[in-house]
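Here is a structure to read through in questions and answers. Look it over before going on.

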Amino acid sequence: MEPKMLVTDAAEALGLTVQALHNQIKRQKLLHQKSKNRVYFSYQTAKQLFGMSFPSQVLSFQIVKGGTGKTSLCLGLGVRASLYGARTLLIDLDQQGNLTKACRVKSHDKPIMIELINQEISMEEGIIPVYEGLDLLPSRIENALLDSNLMLKRLPLDRIYKDMIDPLKNKYDLILIDCPPALGSSVTAASLASDKIISPVTPSEFSLEGLEITSREVANIEKAFKTTIPVCPILNEFDPRTSLSHDTMRFLVSHPNYSTNLIRTAIRRSQEFENVLTKGMSIFDSLVPSSAKEDVDLLARELLKIGDFANSSSLNTSRLTAVSA
């Protein structure tokens, strides 16, 4: 995996001309490369060039419905955040280990979450670098026992993951948790360790049912543990050619509960997400422009509050409307 930030994208995010940014890169002698007249750079240069300070966030991707794009969005967001200079950690809790496989990480000789808990090992010992700026706590099939393990040992769900993750906030700007598409003790513990829950919703009735079940379960968790955890739906696989996509968007925008924390960046349907997952790449490894790159870039800016997104949510709202036009 070799993700790249184009100078043209960076200039737009910083509100500078491309030439001004080129001059700044040369003046500071920052590492960069060129391919067919496109200048690009990676994490280390991004960190120096953007010089942004990000408040530490823990976001978990979860919804009680498979196939909504949780893993693709989690990986895409993590990669793009690192290209803005945010030190990012991915935590794979799904026993299928799709995020781990997508990162081409071999997890058999590293402790996964269930082993960290049972052997009382710090999370840092299980973390594997994917590339500079992006790390991963991998998963494999043994994590299928997490729910029963947490229950049988009567471990405190409000502390078990939170106590493992909190010490890492000094090291990472963004921590993303990819959860299995189910309810259970492990997902509850992930919710209680998170600042927000990101719930990808596709244009389908079953997906909206999954969002409803997820929201109800989070409400139960909030009540039981006397806390607040925002559930933030994001419309994924939006296709402007279908009425179902528009109906789903209107439903989310007008819903009295979902609209409050609705992520204003919609992700359009793109085969690119699936194509790169099978190759162990990210959508940002290629320099070719695409709707997938554009949408995930906007998602990263929205969640990290970069550029205009730092000062106004109106752009986010107009973006969601524009995608449906």
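**Helix 1 and its surroundings**

Q: Which residues in helix 1 are buried?
A: The model is a predicted one. Buried here means a relative accessible area under 20%. In helix 1, which spans residues 7-14, the buried residues are V7, A10, A11 and A13.

Q: How many degrees of arc around the axis do these buried residues cover?
A: An α-helix has 3.6 residues a turn, so residues three or four places apart point the same way. The buried residues sit on the same side of helix 1, because the arc they cover around the axis is only 165°.

Q: Which helices are among what covers the buried residues of helix 1?
A: The cover includes two strands, strand 1 (5-6) and strand 3 (38-41). It also includes helix 2 (18-27), helix 3 (43-50) and helix 13 (291-304).

Q: Which residue just after helix 1 takes a positive phi?
A: The phi in question is about 75°. The residue that takes it, just after helix 1, is G15.

Q: Is K26 buried or exposed?
A: K26 is found in helix 2. Its relative accessible area is 58%. The cut-off for exposed is over 50%, so K26 is exposed.

Q: Which residues are closest to the centre of the largest pocket?
A: The largest pocket holds about 590 Å³ of space. Its lining has 24 residues, and helix 4 (70-83), helix 5 (98-102) and helix 12 (272-277) each supply at least two of them. Closest to the centre are G67, G69, S72, E274 and L277.

Q: How many residues of that lining are charged?
A: Four residues of the lining are nonpolar and 12 are polar. The charged ones number eight.

Conventions:
Residues numbered from 1 in each chain as written. Predicted model: local features only at pLDDT ≥ 70, side-chain atom pairs only at ≥ 80, totals over all residues. Heavy atoms only, no water. Buried < 20%, exposed > 50% of the residue type's maximum accessible area, 1.4 Å probe, protein only. Helix = DSSP H or I, 4+ residues; strand = E, 2+ residues; numbered from the N terminus. Arc of directions from axis to C-beta. Contact = heavy atoms within 4.5 Å. 1 Å grid on protein atoms, 1.4 Å probe; cavity = no way out; pocket = protein on both sides within 12 Å on 5 of 7 lines; lining within 4 Å. Points joined across faces, edges and corners; volume = space filled by probe spheres on them. Nonpolar A, V, L, I, M, F, W, Y, C, P; charged D, E, K, R; others polar.
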